[in-house]
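Hi,

Here is the structure I promised to pass on. Have a look at it first, and then read my notes below.

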Amino acid sequence: MVLAGGGFRFGYYLGMHAAAVDAGQEPDLLLATCGGAVAGAIIRGLPDSEMRKAWVASPQMYEFFCGLQSSARAAPGRAILNLALRRLNPGKAGRLPDLFRDYMFEIPAELPLPPAGGQGSRSAPVGPALGILGGKMLFGEHEVGQPRQGRQLYGVTLFCDERTAALARGLPSAIGSNGWTDAVSPDLLVDTTMPVADAARISISDMVYFRCHSVNGAHYTGGVVDLFPVELARSLARHVTMELKPAYDQLTAIPALRAVFGFDGNRRLRHVHGQPVDVWVDTTDVGEVLRGNGIQKRVDWRRNRVKLVAPASYAQYVADVDAQWRYGYERAQEGYALAEQGQRVTMRKASKHNEALP
């Protein structure tokens with residue numbers, strides 16, 4: 001099962017996984033990116049759906065979200081200027097981006113993960129195997145701003161256990177090897193030593209939003225470098241469950257992806273939607289169904305900051321998590337039922353930006 005993205009609404013992945021279990025299709029490997037990495041670590045570390053849902057709905061998770069703070073660079077004027085500059089510059093990763101200082105929000109030091117997913121834990125995982133994707137940065141802070149001149153800047157990295165690593169070693173990076181961008185290495189990197197807590201922290205470190213994550217002298221950016229790893233999933237497994245995703249925002253996300261990684265995110269998404277997958281789960285309408293749910297971006301003009309705002313009360317947060325879980329369960333339940341009938345789910349929110357390439 002691919003847990004591709006999800007952002008701060010990653011609770012719906014727990015519902016998806018529960019539906020897979022109830023359909024007799026429990027996955028033995030989760031391949032996770034971005035917010036899906038947090039969901040994957042929770043599924044891996046706890047034995048059943050009720051405990052996993054309760055963990056996401058826990059007071060410590062709510063406190064974690066309440067601890068998200070704006071950085072010094074989260075002034076609305078600066079954000080608008082950076083957006084305009086990215087849109088006006090049509091180049092593809094023309095310069096080495098500042099992923100060390102140019103970010104809007106601070107994340108608390110530790111992710112609230114179950115003990116089996118935590119750094120330094122000796123507890124054995126009780127859930128499925130977990131592979132988390134991030135991007136190893138092939139440049140240092142002192143090189144920021146230099147012209148790229150065709151240089152490879154990132155290595156897509158799979159953080160996983162030894163069994164998954166044995167299947168993955170020698171595989172290419174789809175983003176770097178299939179003509180999407182020359183800013184990414186064509187070789188997939190495999191790391192079996194990274195603690196799950198650090199791997200999840202790496203995967204959520206999306207450019208613009210959060211600082212890159214540094215571990216043992218190496219620097220990493222988020223799983224957005226290969227947010228929809230369908231090729232890798234099909235190489236690792238005989239049966240793949242994956243989402244049909246909403247399109248990237250053309251105004252904000254597409255220019256950022258082009259400037260940092262050098263590829264068109266929606267063209268990549270359309271390609272992914274055209275690949276053979278055993279079970280498709282339609283989450284293209286997640287933004288509409290879960291509108292106002294969870295963490296929201298707000299502009300505080302009085303303090304001159306763009307802020308991430310958690311639900312106003314813990315009770316509201318619990319209700320939001322429940323809505324996420326039910327959404328994921330219902331959408332996955334639909335996907336498994338249609339697949340059993342030999343049918344593919346139809347996108348609820350299709351556009352020229354996310355429909356499969358012919």
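Let's begin with one pair of residues: Lys136 stands opposite Tyr220, which sits in strand E10. Before we go on, please keep in mind that this is a predicted model.

That pair belongs to a wider pairing. Strand E5, residues 129-137, and strand E10, residues 218-221, are matched in the antiparallel sense, with two bridges between them. Which residue of another strand also faces Tyr220? It is His213, which stands opposite Tyr220 in E10. The strand to look at here is E9, residues 213-215, which runs antiparallel to E10 and is joined to it by three bridges. E9 and E10 form a hairpin with two residues between the strands, and in that hairpin Asn216 has a positive phi near 50 degrees. As background, strands of a sheet pair through backbone hydrogen bonds, either parallel or antiparallel.

There is also an open sheet of three strands, in the order E3-E4-E8, with mixed pairing. Why is one side of E3 and of E8 left without a neighbour in the sheet? Strand E3 (69-70) and strand E8 (208-210) stand at the edges and have a single partner strand each, so one side of each has no neighbour there. E3 and strand E4 (residues 103-106) run antiparallel and are joined by two bridges. If you want a residue pair to click on, Ser70 has Phe105 of E4 as its bridge partner.

Now for the helices. Helix H1 (residues 11-22) and helix H2 (residues 35-45) have axes that come within 8 Å and cross at roughly 50 degrees. So H1 is oblique to H2, and the crossing is right-handed. On the H1 side the contact is made by Tyr13, Leu14 and His17, while H2 brings in Gly36, Ala39, Ile42 and Ile43. By type, the residues of this contact are five nonpolar, two polar and no charged.

H1 also meets helix H13, which covers residues 314-340. H13 has 27 residues and spans 39 Å from its first C-alpha to its last, close to the 39 Å expected at 1.5 Å a residue. Following H13 comes Gly342, with a positive phi near 80 degrees.

How do the axes of H1 and H13 cross? They come within 6 Å and cross at roughly 40 degrees, which means that H1 is oblique to H13. H1 passes H13 in a right-handed crossing. Among the H1 residues in this contact are Gly11, Tyr12, Leu14, Met16 and Asp22, and H13 contributes residues including Trp325, Tyr327, Tyr329 and Tyr336. The residues of the contact of H1 with H13 split into 11 nonpolar, five polar and one charged. Leu14 of H1 is worth selecting on screen, as Leu14 is listed in the contact with H2 and also in the contact with H13.

That's what I have for now.

Best wishes

Methods. Residues are numbered from 1 along each chain as its sequence is written. This is a predicted model: local features need pLDDT of at least 70, side-chain atom pairs count only at pLDDT 80 or more; totals for chains, interfaces and linings use all residues. Side-chain values use heavy atoms; hydrogens and water are left out. Two strands pair if DSSP finds at least two bridges between them. Helices (H or I, at least four residues) and strands (E, at least two) are DSSP runs, numbered from the N terminus. Axes are lines fitted to C-alpha atoms, for helices over the stretch in contact, and angles run from 0 to 180 degrees between N-to-C directions. Angles under 35 degrees count as roughly parallel, over 145 as roughly antiparallel, 65 to 115 as roughly perpendicular and the rest as oblique. A crossing is left-handed if the near helix is turned anticlockwise from the far one by less than a right angle, and right-handed if clockwise. Contact means heavy atoms within 4.5 Å. Ala, Val, Leu, Ile, Met, Phe, Trp, Tyr, Cys and Pro count as nonpolar, Asp, Glu, Lys and Arg as charged, and the others, Gly among them, as polar. The expected span of a helix is 1.5 Å times one less than its number of residues.
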